[in-house]
Amino acid sequence: MANISPIQNLDFFETKSALKTYLSNQDRFADYDFEGSNMNVLLDLLAYNTFYNNYYYNMMISEMFLDSAQERNSMISHAKELNYLPRSRRSAKAIVTFNITATQSGNFFIIPKDTKINGKCGNQTFTFLTEKAYSAVSSETTTNAPRTFTVQDVEVFQGRLITETLDTSNTILSNNMIDTRSLYVEVNGEEYVYKTDIFGITAIDKVFYLQPEEDEKYSIQFGQDKFGKQPTPGDNITAKYRICSAEDANGVNSMTSNGLPDAANVSIQITTPSNGGLSAETTESIRAFAPKALQVQERAVTTRDYEILLRNRFPNIEAISVYGGDEVDPPEFGKVIISVDVTGGEGAADFEIASFTEYLKDKTPLTIEPVFVPAKFLFVDTIVDVVFDPNNTTKSPAQIQSEVKSAIESYSIDSLADFNKTLRQSRLAATLDAVDNSIISSSIFASPIIQITPTLNTVQNPAFSYETALVQPYAYDATTGLTGFTPAVRTSKLTIEGTLVTLQDDGAGKMMAVTASSASQSVFKRSLGTIDYSTGAIKLSNLIIDSYEGNAIKFIANSVAKDVKAPKDRIITIRGEDITVNVTTITE
């Protein structure tokens, strides 16, 4: 007997064809004209029924697993099983300064919690709120005349407040635009505190938990008198929270006040424009991070745990690197070093680092101290020689040059600009060759750059490492001079003791200063520190700098490896100012 196996087939016509093949192989239907008979209608019906069943069971079974689920609500159901709370929307936050003119006797003017101010971005106006009360201070002594009260670093969050009354039979919050960080819960007028786990919770603790629900909503859960006090039917449950416009409110750089009681005038200066607004966590993010939540269990033990916890809690983190204190020089045992870069800036602000530290306080072992350090960067001096055939394009050399430079910048954004990344010259070359069909070849010379920004006229001992081997030149000899001498490291220009110099190594493991103002170079200071060619570590000593060119001093290295790998504490990136593109036409 012929076999029929359309069970996994999701195409109607192929299913129908399989049914025909099966019937035509039966003796009673041999040479039967299926197309021109009523049997064709029955085959359509069978094919439709088979198709619908196949589709239904395929979708039902795929939604049973997190890896294959497509519906967000299915993913939410799986996330519950893994104790993973998908991130809600996030309000955009700005840092502002209040200047208040008022007549009062005290030296303090209180800005209440939930004070409203208006922010404008383009044609849109957004409401921002203070999340706590602030005290503005006046330095003036006059009591009867109007005085100015000032408070800096005020955090304001975009959104508006919602107050919702719930009962024990249904604790699902009605609004899916909530920023769950702002949620405040009271039961019969008593505050309940939000907890992410049941560790250390007793039956009488007034705590609540959050649980994801369908359609991007959340429900408030209580401890059932086992892991927290459970409200009883009839208790008054009040939830206050902020709903927000997510990323639409990013970039607000103009704000005005709605006024304050007893204030004659209120002006607002923006220190940091609004940023950090985000939509609710995407389905692909839930698919990626929900399994890891079970792995981490809200505890930071391995370096990967720190990364997962911080990324989940602070979605504005763009790059993060975590490593043990034993890996730094000198070693700092008992510490874990964390470098963070957030969206919209370089590194992280002090208030953000304070938030990171507070969040990790009860999630790390007692003997381990998390230490946050500013994110540092490894730039790349990139020289590219491109050969193209003008017969295969209408573009000018200048256009080719511009497009190649843009391609390098795009490659940096898409493939680099993070910790633990490597600039692979072969991959960059392939990207450049694809810029235009007329490009015959491209060669790349990449040199890692580390920058320092020293304090002027102060003795300093900067030290850093490229964490890669450098090309060691022959040892400098005063008799042959500097002509033709190629150092492993060279710097941009700076002034020491009134003399314009550059710093470079001498080929024998020392750093020296070389005059930069005259046509014939000479050694100005013979020893300013050391260099280790095998590791790329540089240590400068007793350095006093009068001035330097640009925003920082560039240390440009000649590494043995052609590919450039960033040290563990640095983010690798290629800036437009460090790109040089030379374009030549093919010669016959």
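## Cysteines

Cys 244 is buried in this predicted model, with a relative accessible area of just 2%. Cys 121, on the other hand, counts as partly exposed, at 26% relative accessibility. Could there be a bridge here? The count comes to 0 disulfides. Cys 121 is in no disulfide, and the nearest cysteine sulfur to it, that of Cys 244, is 15 Å away.

Seen from the other end, why is Cys 244 unpaired? Its closest cysteine sulfur sits in Cys 121, and because 15 Å separates the two, they are too far apart for a bond. A disulfide needs sulfurs within 2.5 Å.

## Aromatic pairs

Moving on to the rings, there are 11 aromatic pairs to look at. One of them joins Phe 377 and Phe 379: the ring centres are 5.9 Å apart and the planes meet at 5°, so this pair is stacked. Phe 377 is buried at 15% relative accessibility, and Phe 379 is buried too, at 8%.

For another geometry, try Tyr 476 and Phe 485. Their ring centres lie 6.3 Å apart with the planes at 75°, so the pair is edge-to-face. Both Tyr 476 and Phe 485 are buried.

## A ring cluster and two lysines

Some of the rings do not stop at a pair. Phe 314, Phe 356, Tyr 359 and Phe 372 are linked by ring pairs into a cluster. Tyr 359 has a further partner in Lys 363, whose charged end sits over the tyrosine ring, 4.3 Å from its centre.

A similar arrangement turns up at Tyr 323. There, the charged end of Lys 568 sits over the ring, with 5.6 Å to the ring centre.

## Nonpolar cores

The largest nonpolar core holds 47 residues. Which of them touch the most other members? That list is Val 404, Ile 408, Leu 423, Tyr 466, Val 489, Leu 503 and Phe 555.

Take Leu 423 and look at what surrounds it. Setting aside residues up to four places away in sequence, Leu 423 touches Val 380, Tyr 411, Leu 416, Leu 428, Ala 446, Asp 563, Val 564, Ile 572 and Ile 574. There is also a second, separate core of 23 residues, and its members include Val 96, Phe 126, Val 151 and Val 266.

## Lys 554

Here is a lysine in a strand: Lys 554 belongs to S29, which spans residues 553-557. Is its position buried or exposed? Lys 554 is buried, with a relative accessible area of 19%; the cut-off for buried is under 20%.

As for partners, the side chain of Lys 554 makes a polar contact of 3.0 Å with the side chain of Asp 578. Beyond its neighbours within four places in sequence, Lys 554 is in contact with Ile 449, Ile 450 and Gln 451, with Arg 490, Thr 491 and Ser 492, and with Arg 575, Glu 577 and Asp 578.

## Two aspartates with positive phi

Asp 153 is worth a look on the backbone side: its phi is near 55°, a positive value in a residue other than glycine. Asp 153 is placed in strand S6, residues 147-158, and counts as exposed at 53% relative accessibility.

Asp 225 also has a positive phi, about 60°, although it is not a glycine. Where does Asp 225 lie? You'll find Asp 225 in the loop between strand S11 (218-221) and strand S12 (237-243). At 44% relative accessibility, Asp 225 counts as partly exposed.

## Gln 70

Last stop is a loop residue. Gln 70 lies between helix H2 (39-62) and helix H3 (72-81) and counts as exposed, at 53% relative accessibility. A polar atom of the Gln 70 side chain lies 3.2 Å from the backbone oxygen of Ser 68.

What does Gln 70 touch, not counting residues up to four places away in sequence? The answer is Glu 63 and Arg 287. And to place Gln 70 against a residue from elsewhere in the chain, Asp 418 is 348 residues apart from it in sequence and 30 Å apart in space, C-alpha to C-alpha.

Methods:
Residues numbered from 1 in each chain as written. Predicted model: local features only at pLDDT ≥ 70, side-chain atom pairs only at ≥ 80, totals over all residues. Heavy atoms only, no water. Buried < 20%, exposed > 50% of the residue type's maximum accessible area, 1.4 Å probe, protein only. Phe/Tyr/Trp six-rings, centres within 6.5 Å; stacked < 30°, edge-to-face > 60°. Lys NZ or Arg CZ within 6 Å of the ring centre and 35° of its normal. Core = buried A, V, L, I, M, F, W, Y, C linked by side-chain atoms within 4.5 Å. Contact = heavy atoms within 4.5 Å. Helix = DSSP H or I, 4+ residues; strand = E, 2+ residues; numbered from the N terminus. Polar contact = N/O pair within 3.5 Å; in protein donor to acceptor, adjacent residues only side chain to side chain.
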